[in-house]
Structures are given as structure tokens and as C-alpha cells.
Amino acid sequence: MVLLKENHIAASGGVTAAIDAVRAGMAAEGRDTLIDVEVETVAEALEALHANAPWIMLDNMTVAEIRQVVRAREEIAPGAGVVLEASGRITLDRLRPIAEAGVDMVSVGALTHSAPALDLSMAMSPRPSPGPSR
């Protein structure tokens, strides 16, 4: 899978350009890989839908924005199997309304980036030699 994030999109000149660049690179190498595009606005999500992105990650969107993108998917790409994933600022309070908005998946980064750290050491000490064996 290829994940296109904001820096890739900015460097390429937009969502469509980033998707097209990945597809061209894959075609040149005879590959076909799933593309996941992270978008931060409804306009970017619409652009990704029009560019036939197979997977769109809706980052830090409100529930109302997510609903808008879900409706747009039904209009722009009905039956295309476009996966919509919500991410960013996912909390237990927001989880049900986000899921009910119609996304296919919800990712929760707080499970890893906000978990308390545990400092473990794997330091080893040499054992004393048992001496010659008989």
C-alpha cells in the first residue's frame, strides 16, 4: 500500500497530481498497489474521489464533514468500493458518531502515540566461566 500524506500532496501539486504520480511510477515498473490518500478537507476528499482513489483517510474532520464526504462517495463513486477511513482526534466520545456517519474504518493513533512509555533494559552481564570440563 502507498500512503500519500500532506507533504506528498504538497510536493506533487495537489491530490490528483500525487495520485497520478504514484500510478505512473507503478505502471513504469509493472506494479499495481493500493493507494491510501490522507486528506484534511472536504475539497481534498472530493478531489480524491474524482481521481478514483481507492482508499481515503479523512484526517481530523468533524462528523458533519465526514457525513458530507460519505454522501459525496455515493454520488461520485457509487459501487466503486472506495474505503473511507476516519482518523485524527478520535476519542471514545466521538467514536460512535463518527462510525454512524458512514465511514468504513476508524483508526486511533492515541493507542500508540499517547500511551505511556515503559523503559526496559536488555543489558546483559557475562557469566563467569565454569572452568574446564572433564
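This section describes the nonpolar core, the central strands and helix 3 of a predicted model.

The largest nonpolar core of the predicted model comprises 32 residues. Within this core, the residues with the most contacts are Ile-19, Val-37, Val-39, Ile-56, Leu-58 and Ile-66. At least two core residues come from each of helix 2 (15-28), strand 2 (35-39), helix 3 (42-50), strand 3 (55-59), helix 4 (63-76) and strand 4 (83-87).

Strand 2 is largely enclosed by the rest of the structure, because five of its five residues are buried. Ile-35, Val-37 and Val-39 lie on one side of strand 2, and Asp-36 and Glu-38 lie on the other. Both faces are therefore covered, and the charged as well as the nonpolar positions are buried. In a regular strand, side chains alternate between the two faces of the sheet. When neighbours within four places in sequence are set aside, the contacts of Val-37 are Leu-4, Ile-9, Val-15, Ile-19, Ala-53, Trp-55, Ile-56 and Met-57.

Two of these contacts of Val-37 recur in the pairing of the strands. Strand 1 (residues 2-4) pairs with strand 2 in the parallel sense through three bridges, and Leu-4 is placed opposite Val-37 of strand 2. On strand 3, Val-37 has Ile-56 as its bridge partner. Strand 2 and strand 3 run parallel and are joined by four bridges. Between these two strands the chain passes through helix 3, in a β-α-β crossover that is right-handed. Glu-38, which is buried in strand 2, stands opposite Met-57 of strand 3.

Strand 3 is likewise mostly covered, with five of its five residues buried. Trp-55, Met-57 and Asp-59 point one way from this strand, whereas Ile-56 and Leu-58 point the other way. Strand 3 also pairs with strand 4, in the parallel sense and over five bridges. Leu-58 has Ala-86 as its bridge partner in strand 4. The connection from strand 3 to strand 4 runs through helix 4, and this β-α-β crossover is right-handed.

In helix 3, the buried residues are Val-42, Ala-45, Ala-48 and Leu-49. Viewed down the helix axis, the buried residues of helix 3 fall within an arc of 115°, so they line one face of the helix. An α-helix has 3.6 residues a turn, so residues three or four places apart point the same way. The elements that cover the buried residues of helix 3 include helix 2, strand 2, strand 3 and helix 4. On the face turned away from the buried side, helix 3 carries the exposed residues Ala-43 and His-50.

After helix 3 comes Asn-52, which has a positive phi, near 60°. Asn-52 is located in the loop between helix 3 and strand 3. Its relative accessible area is 57%, so Asn-52 is classed as exposed, the cut-off being over 50%. The C-alpha atom of Asn-52 is separated by 8.8 Å from that of Ile-19, a residue 33 places away along the chain. Ile-19 is itself among the core residues with the most contacts, and Ile-19 is also in contact with Val-37.

Notes
Residues are numbered from 1 along each chain as its sequence is written. This is a predicted model: local features need pLDDT of at least 70, side-chain atom pairs count only at pLDDT 80 or more; totals for chains, interfaces and linings use all residues. Side-chain values use heavy atoms; hydrogens and water are left out. A nonpolar core is a set of buried Ala, Val, Leu, Ile, Met, Phe, Trp, Tyr and Cys residues joined through side-chain atoms within 4.5 Å. Buried means under 20% relative accessible area, exposed over 50%, partly exposed in between (1.4 Å probe, protein chains only). Contact means heavy atoms within 4.5 Å. Two strands pair if DSSP finds at least two bridges between them. A crossover is right-handed if, with the strands pointing away from the viewer, the path from the first strand over the helix to the second runs clockwise. The arc is that of the directions from the helix axis to the C-beta atoms.
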